[in-house]
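Biologist: Before we discuss any details, could you put the sequence and the coordinates on the screen, so that we can go through the places that I marked?

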Amino acid sequence: MTNDRPLSKQEVLKTYYGYDSFREGQEELIDCLLSGQDVCGVMPTGAGKSVCYQVPALMLPHVTLVVSPLISLMKDQVRALNQMGVHAAYLNSSLTWNQYKKALALAKEGRYKIIYVAPERLLTEDFLDFARQTPISLVAVDEAHCVSQWGQDFRPSYLKIPEFIEGLPSRPVLGAFTATATKEVRADIIGMLKLSEPHVSVTGFDRKNLYFEVRHDRDKYKGIRDYLRAHPDSSGIIYCATRKNVEEVCDKLLADGFLATRYHAGLSDAERRSNQEAFTYDDVPVMVATNAFGMGIDKSNVRFVLHYNMPKNMESYYQEAGRAGRDGAKADCILFYSGQDVITNQFFIEQNRDNEELTGEALELVRERDRERLKKMTFYCHTTDCLRDYMLRYFGEYGSNYCGNCGNCKSTFETVDITALANDLIGCILTSGMRYGVNVILDTLRGSKSEKVLRFGLDKNRYYSTHAQETVVFLRQVFQYLVLTEYLAVTDDQFPIVKVKEKGLTFYSETGEFRPVLTMKAARKTTQTPAAAGKEPGRNGRKRTTAPGSAPFEELRRLRTQIARAQHVPPYMILSDKSLESMCVLLPQTKDEMLAVHGMGEIRYQKYGGQFLALCRKLAGESEDFL
Ligand code: ADP
Ligand code: ZN
């Protein structure tokens, strides 16, 4: 590197991060900040917000402050910056008083280019003392939606940010960043943080590298186990709705010989910390967790996010699923649906006492909104249209109706006439007195001799065995379709009972005559997830297997782990999975070729480029022999 002239933003991106181009939205936000204009950047999780303020931070003359509410995230980011050769520090409650004093003293000497600071520190005397004496180029507010009382993450200390800015001798440029897209929150961010004529950039919520799918497996655990068996070397998260489910799934996986760990609010701080660390450092590839896990976790090589239970709304789902594939490489987001999840969520909504300030009408309003959101989430699990499209429309964008990379786009559906089946299903529920759960009803239609069917005398029911030829899976699909379209309903009791709704009563005909025709779309064949495939053309147009699991990839990965262990950082901070894949394809033989690898910049090259180069040369030799 030469020090004669300042680096351009492209050069900063290449040198420090090793990336060749900016992603959507990044460049315009960086340009504005560099020219002194405030910005408000709305980008989905994983889109790359940090680059938007870190690149200007590296180019502006003075220090940049990053206000962030999450201690773990701050540590992570500072560690990653240090890895890249940038002097950075954080100031928050995890430091001892002495450490804090020392960091502030170094900050005053101008030793740091970037300082992460917790919002509640801003107006403390020591910090103000530093901030008034030291010129500040940029203040970046991360998770800026925390300033809004509309959101669930409201933090009163965020309201102090404008006061802090106003107290500075000269006003730095201000950048606010969030993944929350609603209009109210955006208006709050601009108003409450007092951004001055900000440039607002909203980046598309589409994450093309993510594959979405909904599965309706009867045995969800088996579905998950089979997925893990098919992806033995991948790291990922399995989300469950309750602590109990986390324990169950994790125990079963351990018993089945998988390396898994767990995370939920019922564990001690120490255990949570050590389990999280085992996962980030790739010591344990599978994390089973409640939604308590994830905020502030920046592991970029999460190859799958499986949902053992359906979340309560699309916002939660998109946020959790979005933790997959942050490095831009292919990743799977698969939701294992069951009707029980709807009931559990309904129960949570009716019991919701999260916010004690809400009573009466306001509480009912919130519940109504939550019910509506749950409905939209449930529709996602049943739609036969493009899943990505459904999601984008939910967040107010337009999709293409066909993404080619979701479970529905990859399945073939056919329209099935379910008139007779629906009629008999409703008839069976009515004639048995609306007293039974779905399993008993479906068993009756199938002509099962199960203990319950016989005990309740349902083998005498006139609809007994009328659909013995159908598969359970298909009967369940039809049943769920009828619930969704409000012909039927399921109570939210401990043992849920199926009831027929008004619409179902009108539809039903005892004689089976004069019925309107009812159809639904059903999947004809199941799909295969693409994340495991991953073949790309190699040098000289040859095909080389670059997928995780292939021998060269595994060797590169082993080297990455060795280097990470020696440096005491998580492997993904050395190089992302995507970088390893790219290296696998290119198998660079020279420094220049190595620098063309995605994510391998000059700084990283100086640290361990040589080691990777040596290994690539060896691998290239082997593969020439092989071909
Ligand atoms: P966010 O904060 O928006 O959730 P991050 O800033 O953590 O996302 O970025 C997500 C990942 O994307 C990181 O691994 C980051 O290094 C990577 N990334 C960011 N910008 C680019 C880019 N221009 N090219 C390639 N990767 C990028
Ligand atoms: Zn699709």
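**Questions on the ligand and its surroundings**

Biologist: Which residues are the closest to ligand 1, among the 17 that surround it?

Modeller: Please keep in mind that this is a predicted model. The shell around ligand 1 holds 17 residues, which by class divide into five nonpolar, eight polar and four charged ones. Of the 17 residues, the closest are Tyr19, Gln26, Gly46, Lys49 and Ser50.

Biologist: Which helix gives the largest share of the shell around ligand 1?

Modeller: The shell has 17 residues, and three of them come from one helix, which is the largest share. That helix spans residues 49-59, and its name is α3.

Biologist: How much of the accessible area that ligand 1 has on its own does the protein cover?

Modeller: Polar contacts come to the ligand from side chains and from the backbone: an oxygen atom of ligand 1 is 2.7 Å from an N or O atom in the side chain of tyrosine 19, and a nitrogen atom of the ligand is 2.9 Å from an N or O atom in the side chain of glutamine 26. A polar backbone atom of glycine 48 lies 3.1 Å from an oxygen atom of ligand 1. On its own the ligand has 570 Å² of accessible area, and the share of this that the protein covers is 87%.

**Questions on the protein itself**

Biologist: Is serine 137 buried or exposed?

Modeller: Serine 137 sits in strand β5, residues 136-141, and, leaving aside residues up to four places away in sequence, it touches Leu60, Pro61, His62, Val63, Pro172 and Val173. Its relative accessibility is 12%, and because the cut-off for that class is under 20%, serine 137 counts as buried.

Biologist: Which residue has its backbone nitrogen 2.8 Å from a polar atom of the side chain of serine 137?

Modeller: The residues that serine 137 touches include Leu60, Pro61, His62 and Val63. Among these, the backbone nitrogen that lies 2.8 Å from a polar atom of the serine 137 side chain belongs to histidine 62.

Biologist: How many of the 13 residues of α16 are buried?

Modeller: From its first C-alpha to its last, α16 reaches 18 Å, close to the 18 Å expected at 1.5 Å a residue. The cover over its buried residues includes β14, α17, α19, β15, β16 and α20, and the buried residues themselves include Thr419, Leu421, Asp424 and Ile429. The helix is largely enclosed by the rest of the structure, because the number of its buried residues is ten.

Biologist: What is the phi of methionine 434, and where is this residue found?

Modeller: Most residues other than glycine have a negative phi. Methionine 434, partly exposed with a relative accessible area of 26%, is found in the loop between α16 and α17. Glycine 433, which follows α16, has a positive phi near 85°, and methionine 434, although it is not a glycine, also has a positive phi, of about 50°.

Biologist: What is the relative accessible area of leucine 587, a residue whose phi is near 35°?

Modeller: Leucine 587 is found in the loop between α23, residues 577-586, and α24, residues 591-595, and its phi is positive in a residue other than glycine. Leucine 587 is buried, and its relative accessible area is 2%.

How values were computed:
Residues numbered from 1 in each chain as written. Chains lettered and ligands numbered in written order. Predicted model: local features only at pLDDT ≥ 70, side-chain atom pairs only at ≥ 80, totals over all residues. Heavy atoms only, no water. Helix = DSSP H or I, 4+ residues; strand = E, 2+ residues; numbered from the N terminus. Buried < 20%, exposed > 50% of the residue type's maximum accessible area, 1.4 Å probe, protein only. Polar contact = N/O pair within 3.5 Å; in protein donor to acceptor, adjacent residues only side chain to side chain. Contact = heavy atoms within 4.5 Å. Near = heavy atom within 4 Å. Areas by Shrake-Rupley, 256 points an atom, 1.4 Å probe, with all protein chains shown as cover. Nonpolar A, V, L, I, M, F, W, Y, C, P; charged D, E, K, R; others polar. Expected span 1.5 Å × (residues − 1).
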